[in-house]
Amino acid sequence: LFESVELAPRDPILGLNEQYNADARTGKVNLGVGVYYDDQGRLPLLESVSKAETARIEAHAARGYLPMEGIAGYNKGAQTLLFGADSPIISSGRALTAQALGGTGALKIGADFLKALLPNAKVVISNPSWENHRALFERAGFPVETYAYYDAATHGLDFPGMLASLRALPAQTIVILHACCHNPTGVDPTFEQWQEIVQIVKENKLVPFLDIAYQGFGDGLEEDASVVRLFAQQDLTMLVSSSFSKSFSLYGERVGALTLVTSSKDESVRVLSQLKRIIRTNYSNPPTHGGTVVSTVLNTPELYTLWTTELAGMRERIRTMRVQLVEKLKAHGVTQNFDFVLDQRGMFSYSGLTSQQVDRLRDEHAIYAVSSGRICVAALNSRNIDYVAKAIASVLTA
Ligand code: PMP
């Protein structure tokens, strides 16, 4: 049966982690990861999360099946983060949410739902995008193409190119947009640019699928939701995948949500019934632990306040690392302008390093980055930043 099965290629980023783990050199640094580390280089356990977990364990509650769409308080919390507590989108019943297995699970339920609804549509993703976008939508049966996005010459957005790509798309093309903190580049459109983007989406009758995996890591929880709110205000129907993996530092708990904005409450009821069928035939219902913890934090005012403070701490630490990286590169004699790193948002930065320079960082300095030059700024800390800046300077100048 399995004789003809070929070996699948290794996941480029997870393969990098394996290489890093096998490296025996002391002082090695992994900038290839997609997770937030604290200044001690550890994956943080947030105090807000820890308190919610303690309460859950002390309650000694039995663990029955959750409803297919998950915990009501969790879904409500996810909607509030996206649209704001007083949003008419929520009060009118136009939003429906299903707890999902991380942001990835949310994208997958959304992709399966769209495939049944629009079997002949194509999907477009930014060039470049998170690697799994293409793979996930292709596996769901869609042809996947790209729209212009990153401009290597300016280390910024190719806005005219992006608009031209979007304008050329036929109606009902599904457009995957990073609502904030673009992965892998760190380059986001400005709010004014988003206003133009949303007009094209509307005029061309495109189907927006907003992916928000880093809410709170850009400029703040509210600020980072502004693109989702802008789209929602345009009376567009749309899909939004949320991930809480990073914002709660709960990667392995698979905490995410899929939210759809429909035209009416009645439509929401019908759409949710179809989503539940997809969930039922995939994994039946989501797991309890992570969802309960997130729901408790989102719905307990004291824990919510604590969480927002902790999230701000993570955001500010990344910002500090961006500032220090730019300063230290200068101090180590780099003459190229790296100020673009300060404009980028979220955990990642397209550093502009070539794949040869990335290889040299690994071979000569035990510093691991993605061959595209993507570095995880959230893996820098006060102990490794000087070493990293010096190493980057040496591969840039020699
Ligand atoms: N979308 C983007 C843009 C991401 O960067 C990620 C995580 N790296 C995800 C979705 C998936 O998130 P999760 O780990 O919660 O599945």
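## A tour from Q172 to the ligand

Q172 is partly exposed, with 15 other C-beta atoms within 10 Å. The cut-offs behind that label are these: a residue is buried if 20 or more other C-beta atoms lie within 10 Å of its own, exposed if 12 or fewer, and partly exposed in between, with C-beta atoms placed from the backbone. What you have open is a predicted model, in which local features need pLDDT of at least 70 and side-chain atom pairs count only at pLDDT 80 or more, while totals for chains, interfaces and linings use all residues. For your selections, residues are numbered from 1 along each chain as its sequence is written.

Stay on Q172 for a moment and check its backbone: phi is positive, about 70°, although this residue is not a glycine. Q172 belongs to the loop between α7 (159–167) and β7. Helices (H or I, at least four residues) and strands (E, at least two) are DSSP runs, numbered from the N terminus.

**Zoom out**

Now show the whole chain as a cartoon. You will find 16 helices and 13 strands. The radius of gyration is 21 Å, close to the 21 Å that the globule rule gives for 398 residues, so the protein is as compact as a globular protein of that length. That radius is taken over C-alpha atoms, and the rule is 2.2 Å times the number of residues to the power 0.38. Along the principal axes, the C-alpha trace spans about 65 × 55 × 55 Å. Buried residues account for 45% of the 398. Among contacts between residues at least 6 apart in sequence, 75% join residues at least 24 apart; a contact here means C-beta atoms, placed from the backbone, within 7 Å.

**Strand β7**

Next, select 174–178, which is strand β7. Five of its five residues are buried, so this strand is largely enclosed by the rest of the structure. Turn on the side chains: I174, I176 and H178 point one way, V175 and L177 the other. That is the usual pattern, since side chains in a regular strand alternate between the two faces of the sheet.

Which strands join β7? On one hand there is β3 (residues 123–127), parallel to β7 and joined to it by two bridges, with V124 the bridge partner of V175. On the other hand there is β8 (residues 207–212), paired with β7 in the parallel sense over five bridges. Two strands pair if DSSP finds at least two bridges between them.

**Strand β8**

Move to 207–212. Six of the six residues of β8 are buried, so this strand too is largely enclosed by the rest of the structure. V207, F209 and D211 lie on one side, with P208, L210 and I212 on the other. Across to β7, I176 stands opposite F209, and H178 stands opposite D211.

Pick I212 in this strand. With 28 C-beta neighbours inside 10 Å, I212 counts as buried. Leaving aside neighbours within four places in sequence, I212 is in contact with A179, C180, V228, V240 and S242. C180 is 32 residues from I212 in sequence, yet their C-alpha atoms are 6.4 Å apart.

**The ligand**

Which residues surround the ligand? Select G34, G102, G103, T104, W130, H178, N183, D211, A213, S243, S245 and G256; each has its C-beta atom, placed from the backbone, within 6 Å of the ligand. H178 and D211, the facing residues of β7 and β8, are both in this shell. By class, the shell has two nonpolar, nine polar and one charged residues. Ala, Val, Leu, Ile, Met, Phe, Trp, Tyr, Cys and Pro count as nonpolar, Asp, Glu, Lys and Arg as charged, and the others, Gly among them, as polar.

Helix α5 (residues 102–117) gives the most to this shell, with three residues. Follow α5 along to K115, which is partly exposed with 18 C-beta neighbours inside 10 Å. Beyond four places in sequence, K115 touches A140, G141 and F142.

**Backbone stops**

Two cis peptide bonds are worth a click. One joins N127 and P128, with omega about 0°; the other joins N183 and P184, with omega about 20°. P184 sits in the loop between β7 and α8.

Carry on into α8 (residues 191–203): at 1.5 Å a residue its 13 residues should span 18 Å, and the end C-alpha atoms are 19 Å apart, which agrees. The expected span is 1.5 Å times one less than the number of residues. Just after α8, K205 takes a positive phi of about 55°.

Finish at S284, in the loop between α11 (265–282) and α12 (289–299). Its phi is positive, about 70°, although it is not a glycine. With 10 other C-beta atoms within 10 Å, S284 is exposed.

Technical notes. Contact = placed C-beta atoms within 7 Å.
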